[in-house]
Amino acid sequence: MTMRKWVVVPGFLALAAAAIVLSAYSGASTPQGRKPQQPIAFPHPTHVAGLGMNCLYCHFAANKAPDPGLPAVNTCMGCHLVVGPSRPASQFGPARTSAEITKLQQYWNAKKPIPWIRIHKVPDYVQFPHMRHVNAGVSCQTCHGEIQNMPVVYQAKPLSMGWCINCHTGRSNPPFKARYDCSTCHY
Amino acid sequence: MQGVLGIFSELDSTVHAIEALRKKRYGDITVYSPTPRHELEHALRHRPSVVRRFTLIGGLLGMTFGYWIPIWVSDYWPLVVGGKPVASWVPYTVISFELMVLIGGLSTVAGLFVAARIPRITATIGYSPLFSDDRFGVWVESPPEHAGAVRDLLSSEGAVEVRSER
Amino acid sequence: MSDTSAPPSGVRRREFLKVLGATGAATAAIGCTSSHVEKLIPYLVQPDNDNTVPGVSTYFATTCRECAASCGVLAEARDGRTFKLEGNPEHPLNRGALCARGQAAVQGLLNPDRYRGPRMRRGNAWANITWDEAIALLAQKLAGVQGAASVFLNRHESGAFPAFLDQWLSAHGLAPHLSYDPLLDGAVVQANLQSYGVAWPAIDFTAARLIVSFGADFLETWGASVPQQLSFADARARGAQAPRFVYIGPRRSLTGLNADTWIPCAPGSELAIARALVGNGSLDDVATQSGAPADALRALRSELESASPALFLSGANVRNAFELALAVNDLNRSHGSVGSALLPDRAIAAFEGASRDADVIDALDRMRRGQVALLFVRGVNPVHTLPAAAGVADALAKVPFKVSFSSYPDATSELCDLILPDNHPLESWGIAQPLAGEMSLQQPAMRPLFDTRATGDVLIDVAHRTAASSRFGMTSYRDWIIEQYPGGVRAFTAALEKGVAPGRVAGRMSAPRSTTAAAAATPAITPLAEGEFHLVVYPHPALGEGSGANKPWLQEMPDPVSKVSWQSWIEVHPTVAKRLDIVPGSVLRVETSAGHVDAPAFVYPGIRPDTVAIALGRGHTAYGRFAEGIGINPLTAVPVALHPGAGVLALSGAHAQVHTVDAFDELVTTEGSARQHDRGIAQVVPVTALLSREERSRLPQTVANVRMPQAENAPAEGGEEEEEYPGKPDTDFLPGLRSAVAADAQGELVSKNAKDRGMYALDHWSGMAKRRWAMTIDLARCTGCSACITACYAENNVPTVGAPYQSTRTPGYQGRPGANILRGREMTWMRVERYYEGNVEDSSFEARFVPMLCQHCGNAPCEPVCPVYATYHSPDGLNVQVYNRCVGTRYCSNNCPYKVRYFNWFGFGEANRTQYAWPEPLHLQLNPDVNVRGKGVMEKCTFCVQRIREAESRARLEGREVQPDEFTTSCAQACPSRAIIFGDAASPDWTVSHVAADERGYHVFPELNTYTAVVYLKKIVHPAPPEAPSGA
Amino acid sequence: MASTLKPVDTLPPDLPSADVHLPGVKTYHQVNVDIRSTLHPTKAWFGALSIAILCLLVGITAWMYQIYMGLGVAGYEPPVMWGVYIVSFVFWVGIGHAGTLISAILYLFRAGFRTTIYRTAEAMTVFAVMTAGLFPILHLGRPWKFFWLIPYPNWRLIWPQFKSPLIWDVFAILTYLTISTTFLFLGLVPDIAALRDAETHPIRKRIYAVLSLGWRNSDQEWRHFSRAYLFLAALSTPLVLSVHSVVSFDFAMSLVPGWHTTIFAPYFVAGAIFSGIGMVFTILIPLRRWFGLKRYVTINDLDAAAKMCLLTSLVVGLAYLTEFWVAWYSGNEVEQSYFVARVFGQWWWAAWIMLTCNVILPLSLFVQRLRRNTTWLFILSLFINLGMWYERFVIVIPGLSHEFEPWQWTRYSPSAVDWSILLGSFGWFFMWFLLFCRQLPAVPIAEIKEIVPARLRALGKHTEPEYTLPELEG
């Protein structure tokens, strides 16, 4: 009765192949974990965990506008005019000169904006108003991950529709109350 | 397993051979024919096939599934279209019907495979390619001591060829 | 304004060009779009004013300069780009409304064919130069030119700039400039100056009992159209108190179609009729010589005896226009409309100070005689807007050095030697003087897009290099106007908030010519020879005299009368069509003494059989990709006819031969059938059947509900009685409107076994199901002007599809302007349908305009047929279209009885495609809050859901509920006749819920049980009063 | 058993009786020989195949172009949002129906003439449905998203909308494809076994062995087989009726004038069978000539099929009339103005093509001489195919172009892309059929033997009769 296997096995293979193709094709693979090289290796831990700066200090609009606001170069220079590249020994490490701050100053002197590489992005047909989420008590970490501990920022969450809906329908922990009507995000 | 194979060229002699063998009870009989002939079926007096049960169960399963999926899906994320009830059984009857036919049909085939023991790869002993052409065959599963008697019976019934196989 | 040295961070994320189409492609290829490497460019220096919160719009109050009227606008800008214009509610002139041309100013600002910097002619080629070179060159050319040896031809505008210009010219010893406005009705201005001493008295239609217009198209380009429309609509919506409107002219323009009675008369015979109405001249003689029906004239005269005040307007652009205007002024005086309906003391100052056509013609003669050494042209295109017979091009050829300040290459600037591209008005400072006592301020809403400079600044820089430097100490034109501004810089900056301020800015030093023009003897109407036609030439309602032609919105907007776009046409009467044996689209040749034009015929019942009419505005030889080679310019066939006294150019009235040409040029029209086949789409109610609401309430209910006598407004197949008058107080169509989903009103919504009814439950915390967004459209107000269409294009990133370059792949019509529209692929989410009623063979036919948009049905037929939930009903009553879910089966469109769903046939929204609708920098106009749809996706009106959600977010941010009438849709906001009202019909606090209950309210196709969210209010028709026995 | 005992030779050729259906076929062996002799590629066959593939390539090219450019390159003219593709979809689904009807329904009715033609019809069904299934995908605005119509668990947590007739289509078509394929294959199994046993070439033998599932013609196999076959037929019978009803729901469930009518389900099913039989003639008549199967597919069988064709044609004609009557009787002016426009409007010619080909010409089948004239049947069948395509055209396009909103009334003219893709669909269909008919028996072997009298001892000593047969009519 080997014949049975002969008939059945290709069938299973075909099904499996179809399933794989379909899932990949339907965009099931999200860029979760993307970790691109940034022009300046900005250390969030140093600023947030170390200096205890508030996210809103740089991303100033996150609580009042759809877009979180990207810090202008002069925002950085506000401190880094004083805090130069050469670093004395401190709780952050031994004395050294920070190549990154040098780069920052180069950009500033060249009057060039810093070409950051975008990591967190919902598709363009999704309207994501930051202020609605921030004011509803959704922490930055909920979507961006433990960013204060990320030496190099990467995409911690899938940012897929199912993932959004999970919160919006209150299945998250802690549960949130939110609309899950399509026209809340898609128009 | 061993037995005697008689190859016939006429239908009626095959029928007569079967009748005779059934009287003698030498052992299980398998009859080969190029096409299903009711004469043979009458002679063999089989019980009704089990395939119908597969069909029934498959059909019922399909029908249930065909109602369950759309209703569950609609209520899973309630969206109103055209001011109609989110989950309404009427339109879902179509889905249900189609799935009944689909699963019912497939399980019928499954039933055939199980009941008729196909697919099988080896043309087991006691088979001749002529059976798909124009010859009829009678395979009698019989112990050696009966072999002789069976051969005589078959040839006397008009088998064009009789051979023992093991 | 932001630092544009860094591309605004918003732009890339928001022009979702590839969204849908390419997401498909991308997902097919790599699984997810966001794997693309995308840069985030921050500002270098954060603008310290909090104007630029990312993702939040800034509004700059400024002034529209598309026509001389200078309405106030709010320019919506985000991340340093201006992408939308809306009327300024504070502005006394337009009170928040804005016409199509005004809204399209944005496309002028972001036009891909703008001059990118100064250039000069070297031989036959253009050479780009720097501003320093340019200014030095101009300064050097100025030396040695004196007085009348230079001509400065400036587009007529009110306010500070003319004064500045004259000052500058005189400082250089040059003659004052010519303020040329091809759209301004010079004859009326001259007559008004003579009769009232003001150029243009404000008009209050509400005060009139009868309106008689002698070819004055006050809803289109005649005068200040927006305020006139506002007032006209207010008047017409007054039901029983509304004035009747009689239109006298050879052709029914949009204004004429809005009239209750049309008296067709031969062009030029209006004067005779006007005089006969005063009493001199027997009506029958006039009737015979003017071809107007005598009984209609008699009826009018008898009606005049009772109707007072009666408002008369003249706008016929014929040889005796000036005398006509004077006669009309007399009529107004005798019928008591002066001071009531016609308000000289509230004059519209914007039209003051315009030069007469004669002055321009005279200047051309001097050029031709070689007496002009230096010519400045700014904002006008005389080569295109003056009759070819005037020989503008030859005259220009005689001028050794010609300077153009034009922002776009056009027929005139192509002939000039030095191009100093002016900033777009939205990039400039300025002060306009719309009303005598009101200044309208103009401030930049955006940094200059290209290397252009405001003419004022250029002239000042020039002055710094010449002897006149002493008189121009200031560094910029802005400083100059602040010097002029009463109250100085502080008052000025304070006023910028509102954009308008009381007061008057110093006008021109040299007043225009003395206004006592002698009324010439009436030229008798020369009778037509055999086979001759009168030629009527009129400005296109949207393109005007042609300045609008390079704006795709205006090209695509179907002409309100002919519904033709991207094309010129010749209007002929059906009987003529029969006689010539032609069909719509057959090419005709119109030939006059001056020349001839060929264009396809549009068979139009609203024109006299002995007249043909052609619109101005198209036929540009050079005006960018959206205008060149599209249509024809009738002025090539118009002889120069200058009024001896008033010096006004008459474009209409020439005699023309009409031949058929053996060619067919299919009309690019959006019109299917012009008759509504008794289907009750556009319904009317005779004014006699209207009772004011209080009268109604006093009646016992039974009487109140008595069925109104109605012309034929019963829906074709509306079986039940109820369907025939949905306006009655206890009408049963409102439940569908009062609740988000009709089924909700009918009880069950979600199946019993559902765990929760989700957001459709009325008690859901979000309260969405408590709302029902709805709209009312008052057909008594709607004039069909189509401003709403443009507003929708602007707000919702609706692509224009008619440009020639978009037609390369359209089967059957490759490369032809408007090919996609010929194939019915226009994308407009909102259309204005124009239906004829009555007998189109004679002049008594009636036209009805119906703005048709997604009706957001409570029982939407489109929803249940979509296999993927791409369209469904939101709890707050919207019929939502989810673009990114749509797979494009187009079943929804098949099932939509209103046919308001539009499919994206090509990649109109995909930057890498030939059909792309927003070639750089036009893409900066895209509304960041709205998706740009890719190919293969169905789209439709969303009730501006982005505005709804934005208002909800704002309310949430400020911890409050959305206030009644807090926001409205783009079309409602723009509508110059306030016909559209949007809001939450489920809440009594919103205006819309009351208007929807009006007795004139009705649904389209109620018999289909769709429970639409759009309630139309029946048009009010004013039948002529029974003729008084005294008449005749 | 008595019937089988009557001697064959006593009957004159080509006169059918309840006992002898195929006078030209004397023995079982002859059946094997004759039918196996059809299974070898010939030059003509290669020629036909390459033409089919050429057409297919044209279609594929056109589709690629359309996917890249967008649907705008097709002839759509809104609000005519459905065009040639949907027309062809319904056309091909309809073609499919005759196969299942003949193989399933006639099987239940024990119609004699069914045996010889059902295999061809059945194969035609499968390939026609394979063709039809392409069009709904092909006419999508975003075909690469077609799988959103299939319910599968996904990361968006969103599912298809099961109230949409299009989703019903998905289920109906897929079910129909699966079941008819199974049905076809099941019938093939004993025949493949026969081929296997007669095959000498080792590789072919192996392939046949696998395909025949090790079939041994044993009594156990036969009896389960015939039960299963019966049940499948019993399931297919309502299926075939349901499928085209569901297809008709695509139209009947909408409110487009001319679509929104309750007559559509029976009307479409009748039309489907009618067109299907037409296609059967188109395929079978040349086949029996080229494959020398005249002894098997006898003129009597064609005659019987022609009678069915006539019947369905009359039903369709009645449906046409009923539509008009309903429109008039309903008093619905929108409906009425549409039906006036249908016959006298811009598409009067299409309507008249439809009426001529589907109602008038088939009336000729009342004449027996024409029924038994294969040439006429073939010509008629071509007209029927044309007419049925135009029937769907007349249903789809005028309805959409003449809807509620007069302002949106419009025209429609298919583009080159439309026609190329339609051509491609024919290429696709015939490619499959040609591949089939030279590899597998287009006439059943085992089942033919059911209607060929078995050799009986009663006829005396066995002498293999060498069959030299009279040339048959037709």
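In the predicted model, His659(C) touches Leu588(C), Arg589(C) and Glu591(C), when residues up to four places away in sequence are not counted. One of these contacts is polar. The side chain of His659(C) meets the side chain of Glu591(C) at 3.2 Å. His659(C) sits in strand β26 of chain C, which covers residues 654–664. The residue is partly exposed, and its relative accessible area is 32%. That value places His659(C) between the two limits, because buried means under 20% and exposed means over 50%. Ile821(C) lies 162 residues from His659(C) in sequence. In space, the C-alpha atoms of His659(C) and Ile821(C) are 28 Å apart.

Glu939(C) belongs to another strand of chain C, β34, with residues 938–940. Glu939(C) has a relative accessibility of 0% and counts as buried. Its side chain makes a polar contact with the side chain of Arg933(C), at 3.1 Å. Arg933(C) is also among the contacts found beyond four places in sequence. The others on that list are Pro799(C), Met827(C), Trp829(C), Gln881(C), Tyr883(C), Arg901(C), Tyr902(C) and Asn904(C).

Ser107(B) lies in a helix instead. The helix is α4 of chain B, residues 89–116. Ser107(B) has a relative accessibility of 15%. It therefore counts as buried, since the limit is under 20%. Outside its neighbours within four places in sequence, Ser107(B) is in contact with Phe54(B), Thr55(B) and Gly58(B). With Phe54(B), the backbone takes part. The backbone oxygen of Phe54(B) is 3.3 Å from a polar atom of the Ser107(B) side chain.

Chain C also contains sheets. Strands of a sheet pair through backbone hydrogen bonds, either parallel or antiparallel. One open sheet has three strands in the order β2-β3-β4 of chain C, and the pairing is antiparallel. Its edge strands are β2 (58–63) and β4 (81–87) of chain C, each pairing on one side only. Neighbouring strands in this sheet are turned against each other by 30 degrees on average, with direction ignored. Six bridges link β2(C) to strand β3 of chain C (residues 72–78) in the antiparallel sense. Within this pairing, Ala61(C) has Leu74(C) of β3(C) as its bridge partner.

A second open sheet of chain C has seven strands. Their order is β6-β5-β17-β16-β15-β7-β8, and the pairing is mixed. The edges are formed by β6 (125–128) and β8 (178–180) of chain C, and each of these pairs on one side only. Strands β16 (residues 401–404) and β17 (residues 418–419) of chain C run parallel and are joined by two bridges. Val403(C) has Leu418(C) of β17(C) as its bridge partner.

Helices pack on this sheet. Helix α5 of chain C (residues 131–142) lies across β5 (119–122), β15 (374–378), β16 and β17 of chain C. Its direction makes an angle of about 135 degrees with β15(C). Helix α14 of chain C (residues 357–368) packs on the sheet as well, touching β7 (150–155), β8 and β15 of chain C. The directions of α14(C) and β8(C) make an angle of about 120 degrees.

Helix-to-helix packing appears in chain D. Helices α5 (residues 165–198) and α6 (residues 202–211) of chain D have axes that come within 8 Å and cross at roughly 150 degrees. The crossing of α5(D) and α6(D) is left-handed. On the α5(D) side, the contact is made by Phe185(D), Val189(D), Ile192(D), Leu195(D), Arg196(D) and Asp197(D). On the α6(D) side, Lys205(D), Tyr208(D), Ala209(D) and Leu211(D) take part. The contact residues of α5(D) and α6(D) comprise seven nonpolar, three charged and no polar residues.

Chain A can be described as a whole. Chain A has eight helices and three strands. From the N terminus, the elements run α-α-α-α-β-β-α-β-α-α-α. Chain A has 187 residues, of which 37% count as buried. Among contacts in chain A with a separation of 6 or more, 62% join residues 24 or more positions apart.

How values were computed
Residues are numbered from 1 along each chain as its sequence is written. Chains are lettered from A and ligands numbered from 1 in the order in which they are written. This is a predicted model: local features need pLDDT of at least 70, side-chain atom pairs count only at pLDDT 80 or more; totals for chains, interfaces and linings use all residues. Side-chain values use heavy atoms; hydrogens and water are left out. Axes are lines fitted to C-alpha atoms, for helices over the stretch in contact, and angles run from 0 to 180 degrees between N-to-C directions. Helices (H or I, at least four residues) and strands (E, at least two) are DSSP runs, numbered from the N terminus. A crossing is left-handed if the near helix is turned anticlockwise from the far one by less than a right angle, and right-handed if clockwise. Contact means heavy atoms within 4.5 Å. Ala, Val, Leu, Ile, Met, Phe, Trp, Tyr, Cys and Pro count as nonpolar, Asp, Glu, Lys and Arg as charged, and the others, Gly among them, as polar. Buried means under 20% relative accessible area, exposed over 50%, partly exposed in between (1.4 Å probe, protein chains only). A polar contact is a pair of N or O atoms within 3.5 Å; within protein, one must be able to donate a hydrogen and the other to accept it, and residues adjacent in sequence count only if both atoms are side-chain atoms. Two strands pair if DSSP finds at least two bridges between them.
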